[in-house]
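Let's take a friendly walk through this structure together. Please have the sequence and the 3D view open as you read.

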Amino acid sequence: MTAAPLRAEAALRQRLREGTANAHARLEAALDLPALGQRREACLALLQGFFGFHRAWEPALAAAIDAPDFLQPRRRLALLRHDLAALGSAPADIEALPDCAAARTLCNTTAAAWGSLYVLEGSTLGGQLITRQLQAAAWWPAQGLRYFHPYGPDTGARWQQTLHCLAGLPAPWAAEVVDGAARTFELLLHWLPHAQPRPAAALPRPDNHKVHNA
């Protein structure tokens, strides 16, 4: 990679970090992911929320970003179906879960869709830690859970591919990409179960992210 693309990638990553730091920290604090392994019901509710989000968001993302070969391995709805079934949900109950209709609005432009994808792809980095924590829980299902750590040993490579694509976007799109990412964090904060804002004093420092890490 030449110097110019490297500078472009670093500049956009910095803008994304700064533009989403507050919403990112609020979501992480609200979900209290380090305590997630203590209750199977809490994990189930969170995965149900992600299922409703992805079922609305993934088709909208595919319509906004014309890159099927890139997006196909990043689809996670099937992984959520697997995880919900592993935690005891019947197929009919899974399909009856409500959709997060507002997730479609996150992809109303290509630039915004890339910002939203940045958030969900970034979650796979912290997802490695979440999975290790959950594996120690007494209720961890024999089939395992796949959503939080979908790419296995390819996690780092997939993230670098995403960053490379972001760096190649037209420079005038940058503000809209950042806005799309920030709106995604905000929507997840208000959609996901148990995602209730805590007092500002309880929020972690933005550089201590575990859920989504650029």
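Is C100 buried or exposed? C100 is buried, since its relative accessible area is 2%. Keep in mind that we are looking at a predicted model. C43 is another buried cysteine, with a relative accessible area of 0%. As for cross-links, a disulfide is a covalent bond between the sulfur atoms of two cysteines. Searching the whole structure turns up zero disulfides.

C43 also leads us into the interior. The largest nonpolar core has 63 residues, and C43, F53, W57, F148 and L166 are the ones that touch the most other members. Many helices take part: α1 (3-31), α2 (40-64), α3 (68-71), α4 (77-86), α6 (110-135), α7 (155-167) and α8 (174-191) each contribute at least two residues to this core. The biggest share comes from α2, which gives 13 residues.

Now follow the chain to helix α8. Its 18 residues span 26 Å from the first C-alpha to the last, close to the 26 Å expected at 1.5 Å a residue. Several positions in α8 are buried, including A174, V177, V178, A181, F185 and L188. It helps to recall that an α-helix has 3.6 residues a turn, so residues three or four places apart point the same way.

Let's pause at A181, which lies in helix α8. A181 counts as buried because its relative accessibility is 0%. Its contacts beyond four places in sequence are L16, T20, G115, S116, Y118 and V119. The C-alpha atoms of A181 and W114 are 7.9 Å apart, although 67 residues separate the two along the chain.

Aromatic rings make a good next stop. A pair of aromatic rings is described by the distance of the centres and the angle of the planes. Here there are five aromatic pairs. One of them joins F50 and Y147 in a tilted arrangement, 4.9 Å centre to centre with 35° between the planes. F50 sits in helix α2 and Y147 in the loop between α6 and α7, so this pair links parts of the chain 97 residues apart. Both F50 and Y147 are buried. Another pair, Y118 with W159, is tilted because the planes meet at 40°, with the ring centres 5.7 Å apart. Since Y118 belongs to helix α6 and W159 to helix α7, the pair ties together parts 41 residues apart in sequence. Y118 and W159 are both buried.

F50 and Y147 also join F148 in one aromatic cluster. Finally, look for charges over rings. R76 lies over the face of Y147, 4.0 Å from the ring centre, and the charged end of R158 sits over the ring of Y151, 4.6 Å from its centre.

Methods: Residues numbered from 1 in each chain as written. Predicted model: local features only at pLDDT ≥ 70, side-chain atom pairs only at ≥ 80, totals over all residues. Heavy atoms only, no water. Core = buried A, V, L, I, M, F, W, Y, C linked by side-chain atoms within 4.5 Å. Buried < 20%, exposed > 50% of the residue type's maximum accessible area, 1.4 Å probe, protein only. Helix = DSSP H or I, 4+ residues; strand = E, 2+ residues; numbered from the N terminus. Disulfide = S-S within 2.5 Å. Expected span 1.5 Å × (residues − 1). Contact = heavy atoms within 4.5 Å. Phe/Tyr/Trp six-rings, centres within 6.5 Å; stacked < 30°, edge-to-face > 60°. Lys NZ or Arg CZ within 6 Å of the ring centre and 35° of its normal.
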